[in-house]
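This report walks through one protein model, taking its charged pairs, strands and cores in turn. Please keep the sequence and the structure open beside the text while reading.

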Amino acid sequence: MELVAGCYEQVLFGFTVHPKPEACGDREQWTPVADFTHHAHTASLSAVAVNSRFVVTGSKDETIHIYDMKKKIEHGALVHHSGTITCLKFYGNRHLISGAEDGLICIWDAKKWECLKSIKAHKGHVTFLSIHPSGKLALSVGTDKTLRTWNLVEGRSAFIKNIKQNANLVEWSPRGEQYVVIIQNKIDIYQLDTASISGTITNEKRISAVKFLSESVLAVAGDEEVIRFFDCDSLVCLCEFKAHENRVKAMFSFEIPEHHVIVTASSDGFIKMWKLKQNKKVRPSLLCEVNTNARLTCLGVWLDTVPDTKASLPPAAEPSPVSKEQSKIGKKEPGDTVHREEKQSKPNTKKCALTGDSKKATQESSLVSTKKSKRVDVLEKKRKKKKIKTMQ
């Protein structure tokens, strides 16, 4: 496995982790080894995403860079947004979704690296987005004080919900039965079947990252050294522990045989890996840590043991329960305004259904007007691939 982290200093770090336990009393220890550093962008890194082969990074320089982790080469760059890249999410190995301060959400074919759809998603910045586990829905929040639901089968907006304040994070639970919306230090928990808030959790300081550890347990990090685990049903704090010496900027979690791991990155320069206990009331144990001596901003974990599956966004022709789910999300609750969007904004008047079929995807990608959008700049595979600088 490989830890990848971006920082304010424009560098992407890579550390190979050897999960072979070394006896140290009752404490298991893993060994991180420096693999590479790469001056990835001309401005600070703001987002990172991984699938079974690629790592992509977004930056304040408005570009998305692609790295082939199996070959350890820079694969190219995507230029479409005209603002800081704020969020990047893979769905399986076929699609990448990006959001930026220009208010756009872009859907990319992660095989050919073509822009399949460019959507004017928010009137302000897109601050964060999350894809439903089914791949049929996505949620996004922006600086226009809205929570928006997207039909990814048809590539269009489904509903807009006014939330009165600018949210900075949104996250689906593992089964997609609930989702959380984070506004500063407040976590609103929504149930999918009612689209209403079932509870609210208040953290001590502003929240910068959340991760579901199970359907009901949420890990919360923010502008402090402490990480807390909350139960979304009882709304109580199950556990809290000091993870770093400065604020925690990013978290990532994954499961491998016999291990459920959470990875944290902080402004103190450290990346740490923690082994979660089955009982989430028990403090996790530290597996390893590494000091980058940089102000970290974003984090990912590339697992080279993950099989190259063909997961993709569902074909448009496939019957799906999207309309049922949308009707639930679209329910109105007191004090909130919910709108159903029937029309796209002018740059996106044509529908572009997403499919795993490469021929169909090529045809549909032409629906994105080249006159109205920036050119997608993918560096030529043979001529312009650059070796990632290996640390000595």
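Which residues are linked in a network of salt bridges? In this model, which is predicted, the network is made up of Glu204, Glu224, Arg228 and Glu240.

## Salt bridges

The structure holds 14 salt bridges in total. One of them joins Asp68 to Arg53, with the closest N and O atoms 2.8 Å apart. This pair links distant parts of the chain, since Asp68 belongs to strand β6 (residues 64-68) while Arg53 sits in the loop between β4 (45-50) and β5 (54-59), 15 residues apart. The surroundings of the two partners can be read from their relative accessibility: Asp68, at 2%, counts as buried because the cut-off for that word is under 20%, whereas Arg53, at 29%, counts as partly exposed.

Another salt bridge is formed by Asp188 and Lys186, whose closest N and O atoms are 3.7 Å apart. Here Asp188 counts as buried at 7% relative accessibility, and Lys186 is partly exposed with a relative accessible area of 26%. In a further pair, the side chains of Lys242 and Glu245 meet at 3.3 Å, N to O. Lys242 counts as partly exposed at 47% relative accessibility, while Glu245, with a relative accessible area of 59%, is exposed because it passes the cut-off of over 50%.

## Strand β25 and its two partners

Is strand β25 mostly covered or mostly uncovered? Strand β25, which spans residues 259-266, is mostly covered, for 8 of its 8 residues are buried. In a regular strand the side chains alternate between the two faces of the sheet. In β25, His259, Val261, Val263 and Ala265 point one way, while His260, Ile262, Thr264 and Ser266 point the other way, and all of these residues are buried.

Strands of a sheet pair through backbone hydrogen bonds, and they may do so in a parallel or an antiparallel manner. Strand β24 (residues 248-256) runs antiparallel to β25 and is joined to it by 8 bridges, and Met251 stands opposite Thr264 of β25. The hairpin of β24 and β25 has 2 residues between the strands, and in this hairpin Glu258 takes a positive phi near 70°.

Strand β26 (residues 270-275) also runs antiparallel to β25, and 5 bridges join these two strands. Thr264 has a bridge partner in β26 as well, namely Lys272. The hairpin that β25 and β26 form has 3 residues between the strands, and Gly269 in the turn has a positive phi of about 95°.

## Two open sheets of four strands

One open sheet has 4 strands in the order β20-β21-β22-β23, with antiparallel pairing. Because β20 (207-212) and β23 (237-242) stand at the edges and each has a single partner strand, one side of each is left without a neighbour in the sheet. From one strand to the next, the twist averages 20°. Within this sheet, strand β21 (residues 217-222) and strand β22 (residues 226-231) are joined by 5 bridges, and Leu218 has Phe230 of β22 as its bridge partner.

A further open sheet, also with antiparallel pairing, has 4 strands in the order β8-β9-β10-β11. Its edges are formed by β8 (85-91) and β11 (114-120), each with a single partner strand, so one side of each is left without a neighbour in the sheet. The twist of this sheet averages 20° from one strand to the next. Strand β9 (residues 95-100) and strand β10 (residues 104-109) pair in the antiparallel sense over 5 bridges, and the bridge partner of Ser98 in β10 is Cys106.

## Nonpolar cores

In soluble globular proteins, nonpolar side chains tend to be buried together. The largest nonpolar core of this model has 39 residues, and those that touch the most other members are Leu147, Val180, Val181, Ile187, Val210 and Leu218. Strand β17 (residues 178-183) gives the largest share of this core, 5 residues. If neighbours within four places in sequence are left aside, the contacts of Leu147 include Leu139, Val141, Phe159, Ile160, Ile163, Val170, Tyr179 and Val181, and also Ser140 and Lys161.

Apart from this core lies another one, of 37 residues, among them Met1, Cys7, Leu45 and Ala265. Ala265 has already appeared above, as one of the buried residues of β25.

Note on methods: Residues numbered from 1 in each chain as written. Predicted model: local features only at pLDDT ≥ 70, side-chain atom pairs only at ≥ 80, totals over all residues. Heavy atoms only, no water. Buried < 20%, exposed > 50% of the residue type's maximum accessible area, 1.4 Å probe, protein only. Pairing = 2+ DSSP bridges. Axes fitted to C-alpha atoms, helices over the stretch in contact; angles between N-to-C directions. Core = buried A, V, L, I, M, F, W, Y, C linked by side-chain atoms within 4.5 Å. Contact = heavy atoms within 4.5 Å. Salt bridge = Lys/Arg side-chain N within 4 Å of Asp/Glu carboxyl O.
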